[in-house]
Amino acid sequence: MEITNVMEYETIAREKLPKMVYDYYASGAEDQWTLQENRNAFSRILFRPRILIDVSSIDTTTTTLGFKVSMPIMIAPTAMQKMAHPEGELATARAASAAGTIMTLSSWGTSSVEEIASTGPGIRFFQLYVCKDRNVVIQLVKRAERAGFKAIVLTVDTPRLGRREADIKNRFALPSNLTLKNFEGLDLGKIDRTNDSGLASYVADQVDQSLSWKDVKWLQTITRLPILVKGVITAEDARLVVQAGAAGVIVSNHGARQLDYVPATIMSLEEVVKAVQGKVPVFLDGGVRRGTDVFKALALGASGVFIGRPVLFSLAADGEAGVRKVLQMLHDELELTMALSGCRSIKEITRAHVVTPWDNPHVAPRL
Ligand code: GLV
């Protein structure tokens, strides 16, 4: 069957993957309200396209933290990609490089920072969970630096793991042929079977629940890499990110896997954008499945978006080729959306190109 959109890969992945693995990737927390909402909210934002603009040439290139990328679509950190495909994160890294975009490697990758570096050139970020043993954190950040990673993506919404009921029922654990390669040789390298979600037990044992703003400062004393704070959804915290000296914000609700009933990220985005007042770039992840979604996020002030599940599902379906295809489809859809909206470059996408439910009620869509 010919794949014509990103969503189709999820159907294939569901058929192909063991239930425990598919459920782990696909699930949100508790009632999964935010999971639905991350998608649904995009459909409440409509376009105000401009016409009769010469769109014979469209440029989707932009920069992220000063690095040139082919498009404002990057790869979010997702854990344990070798459960999806034997080449896991290595295939994802190659696909991102081929597409001219950035890959973020998860702390909980089944490939190490060094293995990712060995796939060849490419711009990569490293997602960090701060574990209780700070020596482990220091070593890991140093290894990421040495392996040529260009930024740290600090996840701040996971002092404990959200309640993902499928993982509890399935007694989720990392298959025994795999390890969390960044922690190989340490007890942090395995996620064992418990009477709960094995990952929830792992987080309770290993992740530092006391993490606070002073640690964002501390992190800056152990690395010169720019830090993106991932998991910010309020204006209050966005201002604190700027004060703490971080390089940027990722508006994220962790793919709806942590606190249920937080708004869709596309609903939180403008609040955060306004609060940071242009001092640092703001990115978004959560529910991005179409080029139109990307355009909407940019119109509301994002400098770029990250995709998570589409990578896992395309990887499961077709390895590196699947991830390449996802990136290509999103690129092409974004380019088409730009052409049909009268935007020739990323800079030309403005707030006036969309209308939201919270805009002038005479213009806003009826809901
Ligand atoms: C990992 O970050 C997860 O959400 O499972």
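**Ligand site, strands and single residues**

User: Which residues are around the ligand in this predicted model?

Analyst: The residues around the ligand are Tyr-24, Trp-108, Tyr-129, Arg-164, Leu-199, His-254 and Arg-257. The model is predicted.

User: What makes the pair of Tyr-24 and the ligand a polar contact?

Analyst: An N or O atom in the Tyr-24 side chain is 2.5 Å from an oxygen atom of the ligand. The cut-off for a pair of N or O atoms is 3.5 Å, so this pair counts as a polar contact. Polar side-chain atoms of two other residues also lie at short range from a ligand oxygen: 2.6 Å for Tyr-129 and 2.7 Å for His-254. As for cover, the ligand taken alone exposes 190 Å², and 91% of that is buried by the protein.

User: Why is Asn-38 called buried?

Analyst: Its relative accessibility is 3%, and buried means under 20%, so Asn-38 counts as buried. Asn-38 belongs to helix 3, residues 33–40. Leaving aside residues up to four places away in sequence, Asn-38 touches Asn-253, Gly-255, Ala-256, Pro-263, Ala-264, Thr-265, Gly-286 and Gly-287.

User: Why is Leu-65 called partly exposed?

Analyst: Leu-65 has 24% relative accessibility. Partly exposed covers the range between under 20% and over 50%, therefore Leu-65 falls in that class. Leu-65 sits in the loop between strand 2 (62–64) and strand 3 (67–69). Although not a glycine, Leu-65 has a positive phi of about 50 degrees.

User: Where is Tyr-261, and what is its phi?

Analyst: Tyr-261 is in the loop between strand 9 and helix 11. Its phi is positive, about 70 degrees, although Tyr-261 is not a glycine.

User: How do you know that strand 10 pairs with strand 9?

Analyst: Pairing needs at least two bridges. Three bridges join strand 9 (residues 248–251) to strand 10, so the two count as paired, and they run parallel. Val-249 has Val-282 as its bridge partner in strand 10. Together with helix 11 (residues 265–276), the two strands make a right-handed β-α-β unit.

User: What joins strand 10 to strand 11?

Analyst: Strand 10 and strand 11 (residues 304–307) pair in the parallel sense over three bridges. Phe-283 has Gly-304 as its bridge partner in strand 11. The chain passes from strand 10 through helix 12 (residues 291–299) to strand 11 in a right-handed β-α-β crossover.

User: Which way do the residues of strand 10 point?

Analyst: Val-282 and Leu-284 point one way, Phe-283 and Asp-285 the other, and all are buried. In a regular strand, side chains alternate between the two faces of the sheet.

How values were computed:
Residues are numbered from 1 along each chain as its sequence is written. This is a predicted model: local features need pLDDT of at least 70, side-chain atom pairs count only at pLDDT 80 or more; totals for chains, interfaces and linings use all residues. Side-chain values use heavy atoms; hydrogens and water are left out. Helices (H or I, at least four residues) and strands (E, at least two) are DSSP runs, numbered from the N terminus. Buried means under 20% relative accessible area, exposed over 50%, partly exposed in between (1.4 Å probe, protein chains only). Contact means heavy atoms within 4.5 Å. A crossover is right-handed if, with the strands pointing away from the viewer, the path from the first strand over the helix to the second runs clockwise. A residue is near a molecule or strand if one of its heavy atoms lies within 4 Å of it. A polar contact is a pair of N or O atoms within 3.5 Å; within protein, one must be able to donate a hydrogen and the other to accept it, and residues adjacent in sequence count only if both atoms are side-chain atoms. Accessible areas come from the Shrake-Rupley method with a 1.4 Å probe; for residues, only the protein chains shown count as cover.
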